[in-house]
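Welcome! Here is a short tour of one part of this structure, meant for someone seeing it for the first time. Take a look at the picture, then read on.

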Amino acid sequence: MNSHLSWSHYWRGGAGESLQAHPASPLYGFVSEYFLNRIKAQESVLDIATGNGALLRRLPAEHDGLCAGVDYSDISPQPELRNRHNFARMDGSSLGFSANSFDWVVSQFGFEYVAREPALAELFRVLRDQAQVLFLCHREGSYLCVHSKQQLLEAKLIMASPLFLLARQWLKCHQYEQFERCELKSCMDSLFAQIRLPKESSLLLALLHGVMQWIRDVQSGRYSERQAQQIIHQWIVEVEANIERLEHQLNVALSAKEQTYLSEEFRREGFKAKTVALGEKGRSLAWGMYFSRQG
């Protein structure tokens, strides 16, 4: 599975928001202060790596300027967003827009995934003379990356374990009440013992809860053996997609040096740069970057 497929899988699953959507988050505050509170009703916006349109969803109701959200994966914005804004599958390093098309370019945990040099060239090409840019980017070593590393460890542990093999074996013996004999429960207990779960939303914890629910459903006759096999296959696809996505995220997280380089590139194009290392409760979260070429 490649990154395009893993991210398409993620967005098709209904993901639509990010941390900026929660009012208590410093990411939300940064987006509000430097984007939502500054944009004028008629100004046009390009959202790069829009996902399912979380940033565009936050625009004020009175905003009526052109808005376009692009992403290189297959995205699934809600109907009300699709009716209000324009969405297209497009790589940020090759934008299909005319020069001087946008007053704003924004990106929430997205611009860092794009090939840096061509993406910057395209961004400067489509921006108007008096333009503004807002980025939230993954920060190397941040709490978000540490949590992603934990999830990646869990996902790889799952794929290296006999969990799915034993689940298939269980199908052959469940009608004889031989669940304990096929050792699926022992495998689960072993997995719990081998890894420290960060919180209840852990990938491993969610998967194991799903396995237990599936066992109950098969025992009750809700699913046939064939349906159960399909469920197991789907789980494997989801774990593989998570591994690909998490590895991608960790690889693109910006170091302090890379963040400085990005700011310098904007300064060379006449932008004033404002960069904030966002965090809360003593934990770093992300880079918040605002660039303005207005007078």
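A good place to start in this predicted model is strand β7, residues 283-292, where 8 of the 10 residues are buried. From there we can step out to its partners, and then to the whole sheet.

**Strand β7 and its partners**
- Strand β5, residues 127-138, pairs with β7 in the antiparallel sense through 7 bridges.
- Within that part of the sheet, Leu-134 has Tyr-290 of β7 as its bridge partner.
- Strand β6, residues 272-280, also runs antiparallel to β7, and 9 bridges join the two.
- Here you can find Thr-275, whose bridge partner in β7 is Met-289.
- β6 and β7 form a hairpin with 2 residues between the strands, and Lys-281 in this hairpin takes a positive phi near 55°.

**The sheet as a whole**
- The sheet is open, has 7 strands with mixed pairing, and follows the order β3-β2-β1-β4-β5-β7-β6.
- β3 (86-89) and β6 are the edge strands; each has a single partner strand, so one side of each has no neighbour in the sheet.
- On average, neighbouring strands of this sheet are turned by 15° against each other, with direction ignored.

**A parallel pair**
- Strand β1, residues 45-48, and strand β4, residues 102-108, pair in the parallel sense over 3 bridges.
- Asp-47 finds its bridge partner in Val-106 of β4.

**A helix across the strands**
- Helix α2, residues 26-36, lies across β1, β4, β5, β6 and β7.
- Relative to β5, helix α2 runs at about 175°.

How values were computed
Residues are numbered from 1 along each chain as its sequence is written. This is a predicted model: local features need pLDDT of at least 70, side-chain atom pairs count only at pLDDT 80 or more; totals for chains, interfaces and linings use all residues. Side-chain values use heavy atoms; hydrogens and water are left out. Buried means under 20% relative accessible area, exposed over 50%, partly exposed in between (1.4 Å probe, protein chains only). Helices (H or I, at least four residues) and strands (E, at least two) are DSSP runs, numbered from the N terminus. Two strands pair if DSSP finds at least two bridges between them. Axes are lines fitted to C-alpha atoms, for helices over the stretch in contact, and angles run from 0 to 180 degrees between N-to-C directions. Contact means heavy atoms within 4.5 Å.
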